[in-house]
Structures are given as structure tokens and as C-alpha cells.
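Reader: Could you walk me through reading a few features of a protein model? I would like the general idea each time, and then the case at hand.

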Amino acid sequence: MVENFKYLLLFLLFSCQNKEQKVQLGKQLITQNFTILLDHLEYFKLSGNPLDVSIYQYVGEIKADQEAVIKKFQDKFQLSNEKIDNDLIKLAEIPQKNIGEYRLFFNSDNTFKNRNDVINVSFVNLVISKNNQYAAVEVVKSLGSGAKYEIYYFKQVNNKWVFEGKELLALG
């Protein structure tokens with residue numbers, strides 16, 4: 001009985017360390033590639049007025065897209081036999097600065113809630129391979145009733161996430 005408890009404790013300790021490692025890798029990926037993930041915001045610019053960008057602070061999930069994102073990720077990096085786990089990641093370390101002409105802020109800032117000129121950006125369905133060498137994240141950019149759903153692919157090279165391409169999932 002005591003022996004089984006030791007194995008359970010070791011398993012839980014390893015699982016927590018592995019989850020924390022995935023969280024750190026996810027933060028690193030998004031922070032290192034922030035400007036890439038926020039490309040083509042001008043798609044939403046309908047008038048001459050400047051737009052602001054609201055960033056959701058957690059990497060979430062969209063269940064309806066999750067299976068498609070995982071399948072595309074596995075196909076892109078030939079990982080069809082690999083089981084994929086998703087973790088909730090808080091993005092408190094994203095710099096609040098301007099990207100080009102767009103001013104960024106976290107969507108928890110209530111002063112921006114009632115504005116119509118804000119592009120909402122969410123990072124969802126982050127997947128990282130078991131060996132931590134490949135990753136993909138779905139980026140949802142929306143303004144009013146329009147939305148753009150894209151998957152961004154990355155490969156780990158010398159402890160840096162390198163952009164490997166993107167794929168449009170849907171326009172709404």
C-alpha cells in the first residue's frame with residue numbers, strides 16, 4: 001500500500017512539473033512571437049479612425065475548433081500518433097505597448113468596454129508536442145460581427161520558437 005502511494009505521489013509530482021513546463025513554453029511562444037500573432041489587423045480597419053487591440057489574458061479553448069486544430073497540427077508536423085494535451089495559460093507577461101499603429105491592452109481594463117473601435121484578440125487551442133519541439137495556437141481576431149480564425153505553427157530552434165506558417169480556419 002505504501003509503495004503504491006509513493007508511485008502515485010511521484011506521478012502527481014511529474015504531472016505538475018510537466019504542466020508547468022508547458023505553461024512556460026506557451027508563454028514563451030506567445031511573448032516571442034507577439035507581433036507575428038497580431039499580423040493583418042488592418043483586415044478590420046473600415047474607416048480612418050485608429051483601432052485599439054484588446055487581448056484576452058488566458059489561452060482558452062474553443063471546443064468546436066479543437067479537433068480541427070489538433071488534426072492540422074499533427075498533419076503539419078507528422079505527429080499523427082501523438083496524444084495532445086491542452087493547458088490553461090495566463091498571459092500576464094505580455095507587454096502593453098503599441099504594435100504599429102495599434103494600442104494594446106488587456107480586456108480586463110473596463111475603460112474600453114463600451115467602445116466599438118476595439119479588435120478583440122484571443123489565443124485559443126494551444127497545442128505543444130510531447131517533445132516540446134512543435135506548437136500551434138489558434139488566434140481569433142474579431143471586431144463587431146466580423147471574425148478571423150487562424151492557426152499559427154511554430155518549431156523550437158535553439159530554445160526559441162520560430163514561426164513555421166499559418167493557416168486560415170474561417171472568416172466570420
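Reader: Happy to have it in front of me. What covers the buried residues of α3?

Author: A friendly warning to begin with: this is a predicted model. As for α3, the cover over its buried residues includes the strands β6 (118–128), β7 (134–143), β8 (146–157) and β9 (160–171).

Reader: Which residues of α3 are buried?

Author: The general idea is to sort residues by relative accessible area, with buried meaning under 20%. In α3 the buried residues are Asp65, Gln66, Val69, Ile70, Phe73 and Gln74. Their arc around the axis is only 165°, which puts them on the same side of α3. On the face turned away from that buried side, α3 carries the exposed residues Ala64 and Glu67.

Reader: How does the span of helix α3 agree with what its 14 residues should give?

Author: Here you set an expected length against the distance between the ends. At 1.5 Å a residue, the 14 residues of helix α3 (residues 63–76) should span 20 Å, and the end C-alpha atoms are indeed 20 Å apart, so the two agree.

Reader: Which residue just after α3 takes a positive phi?

Author: For backbone angles, look at the sign of phi and at the residue type. Just after α3, glutamine 78 has a positive phi of about 50°, and this is a residue other than glycine. Glutamine 78 sits in the loop between α3 and β3 (89–90). With a relative accessible area of 68%, glutamine 78 is exposed.

Reader: And asparagine 132, with its positive phi of about 60°: is asparagine 132 buried or exposed?

Author: Asparagine 132 is not a glycine either, as its positive phi might have led you to ask. Its place is in the loop between β6 and β7, and asparagine 132 counts as buried because its relative accessibility is 11%. Leaving aside neighbours within four places in sequence, asparagine 132 is in contact with Gln21, Lys22, Leu25, Gln156 and Trp161.

Reader: Let us turn to charges. How many salt bridges does a search of the whole structure find?

Author: The idea is to look for a side-chain nitrogen of Lys or Arg within 4 Å of a carboxyl oxygen of Asp or Glu. The search finds eight salt bridges. In one of them, the side chains of lysine 141 and aspartate 39 meet at 3.2 Å, N to O. Lysine 141 lies in strand β7 and aspartate 39 in the loop between α2 (34–37) and β1 (52–55), so this pair ties together parts that are 102 residues apart in sequence. Both lysine 141 and aspartate 39 are buried.

Reader: What is the closest N and O distance between aspartate 39 and lysine 166?

Author: That salt bridge has its closest N and O atoms 2.8 Å apart. The pair links distant parts of the chain, 127 residues apart, with lysine 166 in strand β9. Aspartate 39 has a relative accessible area of 18% and is buried, whereas lysine 166, at 33%, counts as partly exposed.

Reader: Where would I find a salt bridge that involves glutamate 61?

Author: Glutamate 61 pairs with lysine 63, the closest N and O atoms being 2.9 Å apart. Glutamate 61 is partly exposed, at 41%, and lysine 63 is exposed, at 60%. Elsewhere, salt bridges with shared partners join Asp39, Lys141, Lys148, Glu150 and Lys166 into one network.

Reader: Finally, which residues form a nonpolar patch on the surface?

Author: Tyr43, Leu168 and Leu171 do, with about 290 Å² of accessible area together. Leucine 168 belongs to strand β9 and, at 45% relative accessibility, counts as partly exposed.

Methods
Residues numbered from 1 in each chain as written. Predicted model: local features only at pLDDT ≥ 70, side-chain atom pairs only at ≥ 80, totals over all residues. Heavy atoms only, no water. Helix = DSSP H or I, 4+ residues; strand = E, 2+ residues; numbered from the N terminus. Expected span 1.5 Å × (residues − 1). Buried < 20%, exposed > 50% of the residue type's maximum accessible area, 1.4 Å probe, protein only. Arc of directions from axis to C-beta. Contact = heavy atoms within 4.5 Å. Patch = residues over 30% accessible without salt bridge, like charges linked within 9 Å, V, L, I, M, F, W, Y side chains within 5 Å. Areas by Shrake-Rupley, 256 points an atom, 1.4 Å probe, with all protein chains shown as cover.
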